[in-house]
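Student: Please take me slowly through one part of this structure, the way its helices pack, and then show me what surrounds it.

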Amino acid sequence: MDFTFSEEQQAAAEAARGVFADVAPDAVPSPALTTGAVADEFDRALWARLADADVLSLLSAEEYGGAGLDAVALCLVLRESAKVLARVPLLENSAAMAAVQAYGGPELRAELLERAGRGDVVLTVAASGRTGHDPAELAVTARQEEGEGADWILDGVQTAVPWAYDADYVVVPAHTAADRTILALVPRVHDGVTPAEQFSTSGERLGELRLESARIAARDVIDVEGAWEWLRDLLTTGTCALALGLGERVLRMSSEYTSKREQFGFPVATFQAVAVQAADRYIDLRAMEVTLWQAAWRIASGARGTLPVAGDVAVAKIWASEGVRRVVQTAQHLHGGFGADVDYPLHRYHAWAKHLELSLGPAAAHEEALGDLLAAHPLG
């Protein structure tokens with residue numbers, strides 16, 4: 001077996017590293033010092049540079065101006081973005097574009113994909129449900145009016161929608177009376193759509209999206225079985241990639257600090273207790289990495305396994321949630337009081353890590369989902 005990344009995937013990661021090279025993780029006010037959002041919007045200048053480098057169109061087919069790459073390439077790019085805490089909706093926009101390309105109608109694909117790949121249109125996804133714990137598809141109801149090609153009417157609430165005040169469209173999962181899940185592309189400014197401010201631990205502005213008889217044209221609705229499950233798996237796997245990149249940068253920060261910080265005339269990195277803790281966190285990161293690539297490969301290849309792809313995604317998110325939490329907690333411990341200094345970026349990584357740990361479900365939720373899958377698909 002060949003476990004190396006393809007030339008195209010490596011080129012995507014290299015392009016991302018070039019764009020993110022000059023990004024400062026502390027370019028906005030600290031979330032510890034602000035009562036609201038750390039900034040009014042995401043980093044538009046960085047977004048433009050990503051578009052110029054063709055990073056936004058990685059997953060789009062060539063006919064839509066894209067590179068036609070896969071989930072593995074996207075995760076490589078997301079990994080790089082998290083190392084600098086890039087404040088852009090790269091995951092949500094890319095995943096939504098991929099869902100539109102895979103499941104949307106020709107009119108919708110023609111309308112959105114090229115523009116989104118150029119950065120002219122921004123997409124995000126409402127994936128947290130009403131409370132952040134219940135299934136997102138159950139938070140909104142959808143009914144179609146009578147007649148072929150009739151509009152859909154949406155009612156409900158989606159909480160903690162990332163970049164809700166910046167995106168042009170929010171992909172909203174909703175359930176029908178026939179117990180189907182549809183995906184509706186809801187314009188940010190639209191009759192029956194009202195956002196309410198919420199804030200992440202990272203200081204980013206989220207939105208509670210309230211839908212009251214919001215009318216959505218049939219062409220802007222994806223009514224295909226499995227579309228939401230596929231999108232949710234891609235979003236979750238992308239979140240694991242972000243957690244991995246963040247964790248790798250934090251472990252490097254810890255290594256650099258403990259190598260320079262001396263106590264009793266020796267670098268504290270040479271102390272056995274410090275070395276053992278760092279080694280444990282390195283093991284966490286390697287487990288996060290291997291489970292991430294397994295999940296991304298399953299999504300990209302469509303390969304069959306003992307469990308459905310959701311099983312590999314659950315395993316990856318369990319490791320990502322638990323691993324990134326342990327990495328930042330150990331880093332804070334090894335840095336001592338310096339780690340809490342708001343003039344040093346470690347506290348920002350800790351805040352982002354907590355957001356990623358809980359995004360799309362904490363470890364416990366995915367352990368429960370994995371248990372259900374094992375019960376339904378006995379091994380052996």
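Tutor: Helix α3 passes helix α6 in a right-handed crossing (the near helix is turned clockwise from the far one by less than a right angle; anticlockwise would be left-handed). This is a predicted model, in which local features need pLDDT of at least 70 and side-chain atom pairs count only at pLDDT 80 or more, while totals for chains, interfaces and linings use all residues. Residues are numbered from 1 along each chain as its sequence is written, and side-chain values use heavy atoms, with hydrogens and water left out.

Helix α3 covers residues 71-83 and helix α6 residues 227-260 (helices are DSSP runs of H or I, at least four residues, and strands are runs of E, at least two). Their axes, which are lines fitted to C-alpha atoms, lie 7 Å apart and meet at an angle of about 40°, so α3 and α6 are oblique to each other (under 35 degrees is roughly parallel, over 145 roughly antiparallel, 65 to 115 roughly perpendicular, and the rest oblique). On the α3 side, the contact (heavy atoms within 4.5 Å) is made by Ala71, Leu74, Cys75, Leu78, Arg79, Ser81, Ala82 and Lys83, and among their partners in α6 are Leu234, Gly238, Ala241, Leu242, Gly245 and Arg249. By class, this contact of α3 with α6 has 10 nonpolar, four polar and four charged residues.

As a second case, take helix α8 (residues 309-335) and helix α9 (residues 346-358), whose axes come within 9 Å and cross at roughly 160°. That angle makes α8 roughly antiparallel to α9, and the crossing of these two helices is left-handed. The residues of this contact of α8 with α9 divide into seven nonpolar, six polar and four charged. Val324, Val328 and Ala331 are among those that α8 brings to the contact, while α9 contributes residues including Leu346, Tyr349 and Ala353.

Turning to the surroundings of α3, an unreviewed UniProt entry annotates residues 6-119 as "domain: Acyl-CoA dehydrogenase/oxidase N-terminal", and such annotations may be inferred rather than shown by experiment. Over residues 6-119 the chain is 54% helix and 0% strand, with the end C-alpha atoms 26 Å apart. Helix α5 (residues 106-117) holds Ala116, which is buried, with a relative accessible area of 0% (buried means under 20%, exposed over 50%, and partly exposed in between, with a 1.4 Å probe and protein chains only). Leaving aside neighbours within four places in sequence, Ala116 is in contact with Leu56, Asn93, Met97 and Val121.

Methods:
Axes fitted to C-alpha atoms, helices over the stretch in contact; angles between N-to-C directions. Nonpolar A, V, L, I, M, F, W, Y, C, P; charged D, E, K, R; others polar.
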